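Grab a pencil and work through these exercises one at a time. Try each task yourself before you read the solution under it.

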Amino acid sequence: MTQRPESKLFYQSRRRRPLLDQARGVYMWDVDGKRYLDGSSGAMVCNIGHSNPHVLECMRRQMDKSSFGYRLHFETEPAEQLAQKLASLAPEGLEKVFFVSGGSEAVESAIKLARQHAVATGDSQRYKVISRYPSYHGCTLGALALTGYAPMTAPFDPMMQSMPKIPAPRAYLDGLDPEDEATGKFYADMLEEAILQEGPETVLAFMVEPVGGASTGALPPPKGYMQRISEICRRYGVLLIHDEVMTGGGRTGAFFAGDHWQVEPDILVLSKGLGAGYAPLGAMIAHERIVEPVLDKGGFIHGYTYAGNPLACAAGLAVIEEIEAHQMMANASSIGAELKAGLQQLMQRHELIGDVRGKGLLLAFELVADRETMAPLPREAGAFDKLVEIAYDKGLIIYSRRTRGGYTGDHFLVCPPMIATANHLDEILTTLDASLTTFTNDLKP
Ligand code: PLP
């Protein structure tokens, strides 16, 4: 193993990781030559795979022209073109694009735009943004106030005002059928109850991940849920914000996950798949009817130095060109269906797998102690960490999160880039199979 000096870097903990050397397609290599299959696209980011030649070439060309143009001094072609492209892909009416550098910034921007819209339209008593538990919307303080994930929020309480939350529709834990419309109605009606309880005149917006990301573990909504949520928001004048930070960019088989249910939010945010690992990039896309009153009343009081960075936008544009040129969204649907079927087969071989779920290539499995009751594994089993480490040692990267209330459940996201082939799926499933066997054997007393 290559000797390395003590690090001056720090992230969440002292744990050190191998030094990355290079990455190509779905594979990554550390400086010792060990190869890893990127089975989670980083953190569901590198949707089109690593080192895509077209994206690199477009970035090089842009760098030769300019790598920064401050928005108060210049508009840039890449930002303008990417905004046009996103507006053409977004649901009808969502035509106004605001660039940022990441998901949390996009979420902050959406909260602030919604709030300024309320003030501009004489609704300034509306300030509450309802979200779900569990959910993840980012780690800045405003985004954390909407995040329903205690391990990340608790250390900062009291911070800003924590916002009201309704349960995420985890039908698989409640013994309900997600294909039954009554299930969708059951969970969606909790939003109406929350709005009535808070006082509709105080509720500004509802923020929802159309397909849950890391917090719920690739949880698709039950039948009818998205449509009913949308109706309820309209009924009470509550803005609907889709957090597509993880789903935006094609991973679920549609450019925006909300498209699967033909629901039109007032505002949507995306990030991870937009820059796809080539540049820190995110965007908020809002309906004209939300943006215009704000611009009329003196402007949107918000903005980041790196917003609309031409290099990042050139990368984003090239990423979308590649997705379209190589039908990657269709691949996400078909190869995603195969991977899901493969995970379901693993479920037959491994008692510990209690659920397999997801859409396209946003997939997850959850480990439980008992499939009948869906009781989680004990915290001491440490599945959250251990299974990821076992797979990592074997050269497969997957992504995990403890789900239920913090320490009482473990799910694992399996989300390779949208360029994955049947051979990559075989490698993922074989390594997972072996990793689950090792983990199960280690559990035995
Ligand atoms: N929203 C969702 C749904 C996410 O999955 C994430 C990140 O995982 C964020 C917001 C925050 O994005 P970022 O980490 O880029 O700030």
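**Exercise 1. Is serine 334 buried, partly exposed or exposed?**

Step 1: learn the cut-offs. A residue is buried if 20 or more other C-beta atoms lie within 10 Å of its own, exposed if 12 or fewer, and partly exposed in between, with C-beta atoms placed from the backbone.
Step 2: count. Serine 334 has 14 C-beta neighbours inside 10 Å, so it goes down as partly exposed.
Step 3: place it. Serine 334 belongs to helix α13 (residues 328-349); helices (H or I, at least four residues) and strands (E, at least two) are DSSP runs, numbered from the N terminus.
Step 4: look across the chain. Leucine 361 is 27 residues from serine 334 in sequence, and their C-alpha atoms are 8.9 Å apart.

Before you go on: this is a predicted model, where local features need pLDDT of at least 70, side-chain atom pairs count only at pLDDT 80 or more, and totals for chains, interfaces and linings use all residues. Residues are numbered from 1 along each chain as its sequence is written.

**Exercise 2. Find what sets the phi of methionine 44 and serine 51 apart from most residues, and sort the two by burial.**

Step 1: recall the usual case. Most residues other than glycine have a negative phi, and most peptide bonds are trans.
Step 2: check the angles. Methionine 44 has a positive phi, near 60 degrees, and serine 51 also has a positive one, near 55 degrees.
Step 3: locate them. Methionine 44 sits in helix α1 (residues 41-44), while serine 51 is in the loop between α1 and α2 (53-65).
Step 4: sort them. Methionine 44 is buried because 23 other C-beta atoms lie within 10 Å. Serine 51 has 15 such neighbours, so it counts as partly exposed.

**Exercise 3. Which strands stand at the edges of the four-strand sheet, and why does each have a free side?**

Step 1: write down the order. The open sheet runs β1-β2-β3-β14, with mixed pairing; two strands pair if DSSP finds at least two bridges between them.
Step 2: find the ends. β1 (20-24) and β14 (396-397) are at the edges, and each has a single partner strand, so one side of each is left without a neighbour in the sheet.
Step 3: zoom in on one pair. β1 and β2 (residues 27-30) are antiparallel, with four bridges. One of the matches puts leucine 20 with aspartate 30 in β2.

**Exercise 4. Trace the seven-strand sheet and follow β5 to its partners.**

Step 1: the order is β4-β10-β9-β8-β7-β5-β6, an open sheet with mixed pairing. Its edge strands, β4 (94-100) and β6 (165-167), pair on one side only.
Step 2: β5 (residues 128-133) runs parallel to β7 (residues 203-208) over three bridges, and lysine 128 stands opposite valine 203 in β7.
Step 3: on to β6. Three bridges join β5 and β6, again parallel, and arginine 132 stands opposite isoleucine 166 in β6.
Step 4: watch what follows β5. The peptide bond from tyrosine 133 to proline 134 is cis, with omega near -5 degrees. Proline 134 is in the loop between β5 and α5 (141-146).

**Exercise 5. How much confidence does the predictor give the protein and the complex?**

Step 1: pLDDT is the predictor's confidence in each residue, from 0 to 100. The protein averages 93, and 97% of its residues reach 70 or more.
Step 2: for the complex, the ipTM is 0.99 and the pTM is 0.96.
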